[in-house]
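The following exercises are to be worked through with the sequence and the model in view. Each task is followed by a solution in steps.

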Amino acid sequence: MPITELSKNELCDTGIEELDVMLGGGIPTGSTVLVVGSSGSGKTTLCMQYLINGAKKGERGVFFTITEPLFKLTKNMEGFEFYDKKLIESGMVNLIDLRIISERLGLDTEKYTVEDASALLDILRDIADELNVKRLVIDSITALCYRLQTPEMIRDFIFKLGSSLAAMKCTTLLTSEVPPRKFQYSQYGIEEFISDGIMFLGDIERKGDLIRTFQLVKMRGAAHSRTKSAMSISTKNGVELAPLLKSRE
Amino acid sequence: MVNVLIDGLKERISNAIKINQSIGIILPASNYPDLVQALFERINSTPEEAWVYVTVTKPCDNILSQFEFLKDSKNIKFVDCISRAAGINKANDNCIFVESPTMLEKIGLEIINIFKEVDENVKKYLVIDSLTNLIIYNDPDIVTEFFYHIINRTRTKNIHTISLAIEEEELDKYLTRLIYLNDKILKVRDSFI
């Protein structure tokens, strides 16, 4: 996609003010974006905030979890002021446990064959289509890739998923788990090449304290900022970004 | 005698902040208690204004215990950067706690977030107490960068800033660089009041 100024309806705003400014208004609609970070970096919170903010303006969303049970996910999110239970109850934001879907499909929950992966892909597409979602999250693509047995299967799965969701004008966030303090985007080294965008959630040490950071590494089709920002997570405002102070420590 | 001192300080601060967007106050440690008393009395006497008080010096709880009249004040919010780092876990509705004085970006965010909720027509003031203590917890260069950001951001939002710097021989070269970013400098000396 060439870098041109996209109109508002070609952009999917995250509702996180500073992030949307960095993106030039929002994520190009239909993109598949990798949200990368180590454990506790704020990936799930950022993705949930993205879905809830979308739902608040009438865009239906779906959150597929594979890393934690739904009751834990909702319990953790209930503390945030942005989280609105009514949006879940009304079906504007749908929370789905992918492990339960896998079980119901009769798939081996630990390792997927090519046929299993294909069946799962079909069901993800069907759910997105039936619910007419404009925003989709998979938390995490790493846990899903772990079940796919070869790099080719991973590439094929993400490519097909991204393509079909893009056709539905659905903007997708895939969380990617990486070890702390390592500047890598994925566990398998494939996910970042198939994705249209990369958001990197890291941290820096300042006098022994860890400062959360955020960097927009890539966003196809958008002239975006690549500046590293400081990231804050609070129950009142969820994820917020501020310019990172850069003086030598 | 003390009342004369405090009244004198109040008057100087009020006059300076009326005509300047940002003022820096350099004072010896011995005058610090009088100055904060003057500031809090000034804040309490102007309920129509909105104040954010960033404390890196004393926990908010200590301040409220000392200046009980502030407990009912609706026009002041604290950003306490010291309690959590000191292991004090008391909650307070009038106060936002930042985990550590090293989290400068977070301090900046909290300041702006509080002012976002204030009506556009209300006069807004920010107090940083103090630059000296921020330098103790952080590298001086990063405090300078932080202060640049704050001064520029508050200027665009028409927020008046009062920053305190307690004279400290070892930190003087850094404080001088910082404090002169303000529009007006007040040097507090007993003889001046």
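**Exercise 1. Determine which residues form the negative surface patch that includes B:E170, and describe the place of B:E170.**

Solution. Step 1: the patch consists of B:E168, B:E169, B:E170 and B:D172. Patches are made of residues with over 30% relative accessible area and no salt bridge, like charges being joined within 9 Å and nonpolar side chains (Val, Leu, Ile, Met, Phe, Trp, Tyr) within 5 Å. Asp and Glu count as negative and Lys and Arg as positive, while His and the chain ends are not counted. A charge is placed at NZ of Lys, CZ of Arg, CG of Asp or CD of Glu.

Step 2: B:E170 belongs to the loop between β6 (159-166) and α7 (172-179) of chain B. Helices (H or I, at least four residues) and strands (E, at least two) are DSSP runs, numbered from the N terminus.

Step 3: B:E170 has a relative accessible area of 74% and is therefore exposed. Buried means under 20% relative accessible area, exposed over 50%, and partly exposed in between (1.4 Å probe, protein chains only). The areas come from the Shrake-Rupley method.

The model is predicted: local features need pLDDT of at least 70 and side-chain atom pairs pLDDT 80 or more, whereas totals for chains, interfaces and linings use all residues. Residues are numbered from 1 along each chain as its sequence is written, chains are lettered from A and ligands numbered from 1 in the order in which they are written, and side-chain values use heavy atoms, without hydrogens and water.

**Exercise 2. Compare the span of helix α4 (residues 104-116) of chain B with its expected value, and state how many of its residues are buried.**

Solution. Step 1: the expected span is 1.5 Å times one less than the number of residues. For the 13 residues of α4 this gives 18 Å, and the end C-alpha atoms are 19 Å apart, which agrees.

Step 2: twelve of the 13 residues of α4(B) are buried, so the helix is mostly covered. Among them are B:L104, B:I107, B:G108 and B:F115.

**Exercise 3. Describe the salt bridge between A:R220 and A:D196 and that between B:K90 and B:D61.**

Solution. Step 1: a salt bridge is a side-chain nitrogen of Lys or Arg within 4 Å of a carboxyl oxygen of Asp or Glu. The whole structure holds 19 of them over all chains.

Step 2: A:R220 and A:D196 meet with N and O 3.1 Å apart. A:R220 lies in the loop between β9 (209-219) and β10 (229-234) of chain A, and A:D196 in the loop between α9 (191-194) and β8 (197-206), 24 residues apart. A:R220 is partly exposed at 36% relative accessibility, whereas A:D196 is buried at 19%.

Step 3: the closest N and O atoms of B:K90 and B:D61 are 3.1 Å apart. B:K90 lies in the loop between β3 (76-80) and β4 (95-97) of chain B and B:D61 in helix α3 (residues 60-66), so the pair ties together parts 29 residues apart in sequence.

**Exercise 4. Locate the cis peptide bonds before A:S140 and B:S130, and give the phi of A:R181.**

Solution. Step 1: most residues other than glycine have a negative phi, and most peptide bonds are trans.

Step 2: A:D139 and A:S140 are joined by a cis peptide bond with omega about 10°. B:D129 and B:S130 are likewise joined by a cis peptide bond, with omega about 5°.

Step 3: A:R181 has a positive phi, near 60°, and is exposed at 53% relative accessibility.

Definitions and conventions. Accessible areas come from the Shrake-Rupley method with a 1.4 Å probe; for residues, only the protein chains shown count as cover.
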